[in-house]
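Here is a short report on the structure shown below. It starts with one helix pair and then widens the view.

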Amino acid sequence: MTNKIDIRDLDLFYGKFHALKDVSMAVRQNGITALIGPSGCGKSTLLRCLNRMNDLIPGCRVSGSVALDGRNIYAPDAEVASLRKRVGMVFQRPNPFPLSVRDNVVYGLKVAGSHDRRQLAETAERSLRGAWLWDQVKDKLDAPALGLPLDQQQRLCVARLLAVQPEVILMDEPCSALDPIATMKIEELMLELKRDYTIAIVTHNMQQAARVSDFSGYMLLGEMVEFGETNQVFTRPADKRTEDYITGRYG
Amino acid sequence: MRILPKHTQRAAIAALGGATLLTLSLLVFIIVFVLEKGLPVLSLRFLFTNPQDMGRAGGIFPTLVGSVVLPLLAVAIATPLGVGTAVYLTEYTRESRLTRVIRFGTDCLAGIPSIIFGLFGFIFFVTTLRMGWSIISGGLTLAFMILPTIIRTTEEAVRAVPRAYREVSYSLGATRWQTVRRVILPNALPGIVTGVMLGVGRSIGETAAVIFTAGSSLRLPSSVFDSTRTMAVHFYILAREGISTENAYGTAAALVIAVLSVNLIAYWLMNRVMARRS
């Protein structure tokens with residue numbers, strides 16, 4: 001397996017607050033990489049560096065490099081909009097637009113300039129199937145997306161992302177608003193998706209990280225304490241702090 | 001002695017309910033009063049015939065036209081400018097001393113008496129730019145007058161669009177402008193329409209600024225460079241110069257009905273648009 005994303009010596013500041021401290025890690029192609037750690041440790045911030053969502057926050061500065069297929073996405077000539085088409089994101093709370101199911105799925109395509117109705121319809125179906133949502137919504141594509149149950153909304157957000165054919169999917173605690181059964185469905189979906197996509201996920205739920213991920217990184221106070229194969233991190237952690245966290249003595 | 005919560009609760013209901021009741025009854029009283037005096041005069045003939053003898057006899061057709069054209073022109077000029085400014089301030093600039101100064105400036109502008117805008121319009125548009133007393137001078141002046149309201153309401157509406165919508169849009173590769181056009185403006189629409197309607201209301205009811213800039217000619221205007229008289233100005237002149245109290249009330253009734261129907265139509269349109277979106 002090769003590295004899809006290489007993070008080297010990444011530092012991030014929100015104003016004077018040093019939120020990420022000299023973080024280095026890699027995201028393997030066609031793997032699921034999980035970031036775990038207590039609230040406020042910087043795991044979401046790190047995830048958001050991978051498609052430059054932090055650019056939207058005033059006073060945020062980044063140094064170091066994040067290479068996607070070997071090219072630094074923070075290079076001066078890097079194009080943010082096209083980066084975000086390659087590296088998409090699923091957010092903590094399901095956040096469909098207040099539009100119909102169909103209009104949600106094709107949003108990214110329309111933004112990219114595609115207006116051919118047939119092509120839009122085909123992609124919508126393919127994406128909804130990819131997110132295991134087609135059977136539930138095929139008869140109500142014109143219904144408001146906000147009327148769907150929460151877990152279907154979250155899978156709609158996944159479908160909306162699949163429609164732009166990203167290479168990497170970032171998931172920021174995608175199950176924290178869902179019940180255990182819905183969570184299980186999303187986890188199964190993730191395992192299916194990793195055949196075609198590279199996935200990085202932030203999760204509060206350590207069982208989830210252990211169940212789905214191939215690699216795990218434990219973060220604390222903005223530092224990457226330990227990074228390695230999930231199996232090893234969870235069974236033979238090299239760092240005392242990681243052990244404390246996963247055994248429940250901390251956090 | 002301590003007053004029981006039960007009693008303060010009752011007193012609160014009485015006070016708050018009383019305030020509401022008083023406000024409502026005043027409103028109803030004013031409308032009923034104007035309509036009672038004006039409705040007997042009001043008829044299609046009154047609305048669509050030309051006035052005679054300075055308005056002592058005949059109808060109010062030219063002023064009806066003036067009251068439609070001036071606010072329309074004002075809103076047509078002020079809406080793109082105001083919405084553009086508001087979107088620029090909220091989406092394209094970071095909060096800074098400059099944006100705070102601009103916001104403070106628009107707030108001050110909103111509080112300036114309309115006659116000052118009238119005076120400015122008279123000096124700038126009517127005389128300096130030689131537009132004369134005309135619909136265009138009046139429309140531009142009213143546009144400046146309602147601009148601050150539109151900017152502020154639009155800003156509030158844009159700010160109220162959930163951050164999550166912006167994030168999703170950007171995360172799907174949309175540019176700032178695409179996000180504004182496809183996500184922010186549609187979701188801010190109700191607020192923007194409210195601002196525009198407030199502007200329409202203010203321009204329909206305005207007299208001072210209109211007399212200074214659009215004049216008070218009773219002839220039917222044939223272009224935007226003609227002077228015109230609005231219903232509000234007509235009412236003012238009829239009542240103030242004691243020309244015809246009857247026709248003054250007829251005009252007032254027409255004005256009240258016009259404002260009510262504009263608001264009702266806007267409300268209805270808004271609901272239809274929102275129903276289609278969600």
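## A helix pair in chain B

In this predicted model, helix 3 (residues 61-92) of chain B meets helix 6 (residues 135-159) of chain B. Their axes come within 6 Å and cross at roughly 35 degrees. The crossing of helix 3 of chain B with helix 6 of chain B is right-handed.

What kinds of residues make up the contact of helix 3 of chain B with helix 6 of chain B? Nonpolar residues number 21 there, alongside seven polar and three charged ones.

## Chain B as a whole

Chain B holds 11 helices and two strands. Along its sequence the pattern reads α-α-β-β-α-α-α-α-α-α-α-α-α. The two strands thus follow two helices in that pattern.

Chain B has 278 residues, and 38% of them are buried. Its C-alpha atoms fill a box of roughly 65 × 65 × 40 Å along the principal axes. Take the contacts in chain B with a separation of 6 or more: 76% of them join residues 24 or more positions apart.

## Where the chains touch

How many residues does each chain bring to the contact? Chain A gives 24 residues and chain B gives 16 residues.

On the side of chain A that touches chain B, three elements give two or more residues: helix 2 (80-86), strand 6 (87-90) and helix 4 (107-111) of chain A. Helix 2 of chain A supplies the largest share, four residues. By type, this side of chain A divides into 15 nonpolar, five polar and four charged residues.

## The sheet of chain A

Six strands of chain A form an open sheet with mixed pairing. Their order is 6-7-8-3-9-10. Strand 6 and strand 10 (223-229) of chain A are the edge strands, and each pairs on one side only. Strand 6 of chain A is also among the elements on the side that touches chain B. Neighbouring strands of the sheet are turned by 20 degrees against each other on average, direction ignored.

Inside the sheet order, strand 3 stands next to strand 9. Strand 3 (residues 32-36) and strand 9 (residues 215-220) of chain A run parallel, and four bridges join them. Which residue of strand 9 of chain A is the bridge partner of A:Ala34? The partner is A:Ser216.

Note on methods:
Residues are numbered from 1 along each chain as its sequence is written. Chains are lettered from A and ligands numbered from 1 in the order in which they are written. This is a predicted model: local features need pLDDT of at least 70, side-chain atom pairs count only at pLDDT 80 or more; totals for chains, interfaces and linings use all residues. A residue is buried if 20 or more other C-beta atoms lie within 10 Å of its own, exposed if 12 or fewer, and partly exposed in between; C-beta atoms are placed from the backbone. Two residues are in contact if their C-beta atoms, placed from the backbone, lie within 7 Å. Axes are lines fitted to C-alpha atoms, for helices over the stretch in contact, and angles run from 0 to 180 degrees between N-to-C directions. A crossing is left-handed if the near helix is turned anticlockwise from the far one by less than a right angle, and right-handed if clockwise. Ala, Val, Leu, Ile, Met, Phe, Trp, Tyr, Cys and Pro count as nonpolar, Asp, Glu, Lys and Arg as charged, and the others, Gly among them, as polar. Two strands pair if DSSP finds at least two bridges between them.
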